[in-house]
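Work through the exercises below with the sequence and the coordinates open. Try each task before reading its solution.

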Amino acid sequence: MFQILKAEKLADKIYLMDVEAPRVAKSCLPGEFVIVKMDEVGERIPLTICDYDREKGTVTIVIQVVGASTQRMCEMQAGDAFQDFVGPLGRPSEFVNEDPESLKQKKIVFVAGGLGTAPVYPQVKWLHEHGVDADVIVGARNREMVILEDEMRAVAGNLYITTDDGSYVRKGMGTDVLRELVEKEGKHYDVCVAIGPMIMMKFVCLLTKELGIHTIVSMNPVMVDGTGMCGACRLTVGGQVKFACVDGPEFDGHLVDFDEAMKRQQMYKTQEGRALLKLQEGDTHHGGCGNCGGDK
Amino acid sequence: MDVLKKVPVREQDPKVRATNFDEVCLGYNKEEAMTEASRCLKCKNARCMGGCPVSINIPGFIREVEKGDFEAAAKVIAEASALPAVCGRVCPQESQCEGVCVRGIKGEPISIGKLERFVADWSRENGFVPAAPEKTNGHKVAVIGSGPSGLTCAGDLAKMGYEVTIFEALHQPGGVLIYGIPEFRLPKDTVVKTEIENVKKLGVKIETDVVIGKSVTIDELLEEEGFEAVFIGSGAGLPMFMGIPGENANGVFSANEYLTRSNLMKAFRDDYDTPIAAGKKVAVVGGGNVAMDAARTALRLGADVHIVYRRSEAELPARVEEVHHAKEEGIQFDLLTNPTEILTDEKGWVRGMRCIRMELGEPDASGRRRPVPIPGSEFEMELDTVIMSLGTSPNPLISSTTKGLETNRRKCIVAEESTGKTSREGVFAGGDAVTGAATVILAMEAGRAGARGIHEFLSGKSE
């Protein structure tokens, strides 16, 4: 069992938890992820590593409610424990293996969308600890959905926040900010790291292709085992089939087939939604979700 | 009784079992087992033992069954195998012990597999547990993977007095016995869990949720955690796909994914959260045991199922019993047929598969006649789900994170067959990680060899 030491609500349907997992905490690096299975009947859910403390043996994760398992997971409190917590999985971000001196010469910009702020944070923090101050653009739906602002500000070079509805700092998308920084303020970036919803990463990639900035994205497809065994997370990168869990999750964004990846992400949407409705409405759920056949 | 014929084994009716996940084969009862055992000629030069990869004393245990001393029979089997209830169910007996049985020259061979299963089931029901060693020898050994090779290696080492810890990447021990082979062929709660518990009762510890190469490396196990030797039994690895257009469409799965969702995650049960897109019209591409398992799972989830295989029935790699059961249950076989494209709708879901008919040409490197496409024979199948069961390629996680571990052209770990010894001192390997996808019993044989190799290595070191 893996004990939850802290559980905190960050925004609507978004929760942060510190979990005791010494093996993961000891070996994890930015860019990697974990899989959490809360109890016997739960799904194996791939989750972002948001932070880690090697001494305390804890890993910080951020969870968003999307289906029945994540709903039940988010109801857990400090003192509760997850049945399974396995990782780190995937490959670390490229820069952790780069020569520190040449890394310091690089101008890096991160574009984080919504929940994507969580996996961006440990990368920016790692760079900061290695003497590299990266610019960070955080885009969120509205003021309430901006997460980890203070933490990010402490480790970022410049932090730019933007909201879809303009309720905080400025109105617009992360891509609008990036375009302005490059075209109006004359900033130069060697690398862009974009993490967020697939549609957002797709649009960042279209922009950075135009601007000529090498771009890394972190893909979050459907997964089961997370160790390369099932192939559910496969996607096409540069015309080749790759498994996000062992070849990724980070890839050259200009080579990723986003349209295919987005279609594949829909695969279990209906089943997940169905399970969630069943959980929320219990025996009172008699159709309406359009999928369960309950209205027949 | 006709001595030339096997005592028939009771099975669930095909029509009934096609709708449930309960075990198909019901096994022998005491009387049936004793009658079947009486057919055994108890050959002095027992060819069946030579046909058994782990060399169970087959005439020895059958003699005890005939006498009705099932505990004695269990003890004979336990000398050689830690997983008899599993092997009795999933070994390809027709090409091993039963294939060389002298009784089989004129008539049917002894039903050795069913007898082994009977003894193992009797042991479980009557609480017979193999004895643990009185004290350990103080040497620590790590075993990676809790599938058939890992469990066997760990069990053998524990019996010799070693302190063994198994590291398992998934949340449940058992490897392919849990995630791969379905419930209706190998019941999990009764059969698999009991055999794993028996290995634990020998003193073996199992730590789940540890991915070797990621959570901790082999170098760290040897240098920091005090293990003196490591056995790698990490299994087959990454599923292969055909590389045809449309293969990433929604509704195309690897057999590994389909089976893992159903077996490990229990997606077929309403009380578990993991979903499975069961499909109504399913094609399973491939002809091995895994293909049969996926097809029969899809059938039980309510689908109309076709097996699509590019060679003919004679070349089907699956066990005869599995093919027979699949046919009885209503699975249709499209043999000498090869997919060329998966057809999708505008939303990216499977709507069908284009295939081409094949004929058999000259023998290829495997000695089997090579299937060749028949020009102009393309046709379309209407489908909503395609399950690819084409085998696996090795997972690079361990080989890429362990210093000095040699792999071959196919990226499999190189290991000596008789000892499991690899290019790295103190590191041994066996099972699918070495051979590529094979059978449970061959993995167990490799686990035994690994245990012998480790014992030689460590006893040599302490002298």
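## Contacts and fold of chain A

In chain A, 63% of the contacts with a separation of 6 or more are between residues 24 or more positions apart. Two residues are in contact if their C-beta atoms, placed from the backbone, lie within 7 Å. This is a predicted model: local features need pLDDT of at least 70, side-chain atom pairs count only at pLDDT 80 or more, and totals for chains, interfaces and linings use all residues. Residues are numbered from 1 along each chain as its sequence is written, while chains are lettered from A and ligands numbered from 1 in the order in which they are written.

**Exercise 1.** State how the radius of gyration of chain A relates to that of a compact globule.

*Solution.* Start with the rule: 2.2 Å times the number of residues to the power 0.38, with the radius taken over C-alpha atoms. For 296 residues the rule gives a value near 19 Å, and chain A has 19 Å, so the two agree. Next, the box: along the principal axes, the C-alpha atoms of chain A fill roughly 60 × 45 × 40 Å. Then burial: 49% of the 296 residues of chain A count as buried. Buried means 20 or more other C-beta atoms within 10 Å of the residue's own; exposed means 12 or fewer, and partly exposed lies in between, with C-beta atoms placed from the backbone. Last, the elements: chain A has 10 helices and 15 strands. These are DSSP runs numbered from the N terminus, H or I of at least four residues for helices and E of at least two for strands.

**Exercise 2.** Find where the confidence in chain A drops under 50.

*Solution.* The pLDDT is the predictor's confidence in each residue, from 0 to 100. Chain A averages 89, with 91% of its residues at 70 or above. Over residues 281-296 of chain A the pLDDT stays under 50, and the model has 15 contacts beyond four places in sequence for them. Where pLDDT is low, predicted coordinates should not be read in detail. Chain B averages 92, and 100% of its residues score at least 70. For the complex, the predictor gives an ipTM of 0.86 and a pTM of 0.89.

**Exercise 3.** Describe how the two domains of chain A meet.

*Solution.* Take the bounds from the automatic or database domain assignment: domain 1 is 2-89 and domain 2 is 94-218. Their centres, over C-alpha atoms, are 24 Å apart. At the junction, 13 residues of domain 1 of chain A are in contact with 11 residues of domain 2 of chain A. On the domain 1 side, β1 (2-11), β4 (45-53) and β5 (58-64) of chain A each give two or more residues. β4(A) gives the most, with 4 residues. By class, this side has 8 nonpolar, 3 polar and 2 charged residues. Here Ala, Val, Leu, Ile, Met, Phe, Trp, Tyr, Cys and Pro count as nonpolar, Asp, Glu, Lys and Arg as charged, and the others, Gly among them, as polar.

**Exercise 4.** Why does A:F82 count as buried?

*Solution.* Place the residue: A:F82 is in strand β6 (residues 81-82) of chain A. Count the neighbours: A:F82 has 24 C-beta neighbours inside 10 Å, so it counts as buried. Leaving aside neighbours within four places in sequence, A:F82 is in contact with A:F2, A:V19, A:V36 and A:M38.

**Exercise 5.** Identify which element of chain B gives the most to the side that touches chain A.

*Solution.* Between the chains, 31 residues of chain B are in contact with 38 residues of chain A. β7 (238-239) and α12 (255-264) of chain B each give two or more residues to the chain B side. α12(B) gives the most, with 4 residues. By class, that side has 13 nonpolar, 11 polar and 7 charged residues. Now check the helix: 10 of the 10 residues of α12(B) are buried. They pack against α9 (176-179), β7, β8 (252-254), α13 (289-300) and β16 (385-388) of chain B. Just after α12(B), B:K266 takes a positive phi of about 55°.

**Exercise 6.** Trace the pairing of strand β6 (residues 229-232) of chain B.

*Solution.* Two strands pair if DSSP finds at least two bridges between them. Strand β3 (residues 140-144) of chain B runs parallel to β6(B), joined by 4 bridges. Here B:I144 has B:I232 as its bridge partner. β6(B) also pairs in the parallel sense with strand β18 (residues 427-429) of chain B, over 3 bridges. In that pair, B:F231 is bridged to B:F428. Finally, the faces: B:A229 and B:F231 on one side of β6(B), and B:V230 and B:I232 on the other, are all buried.
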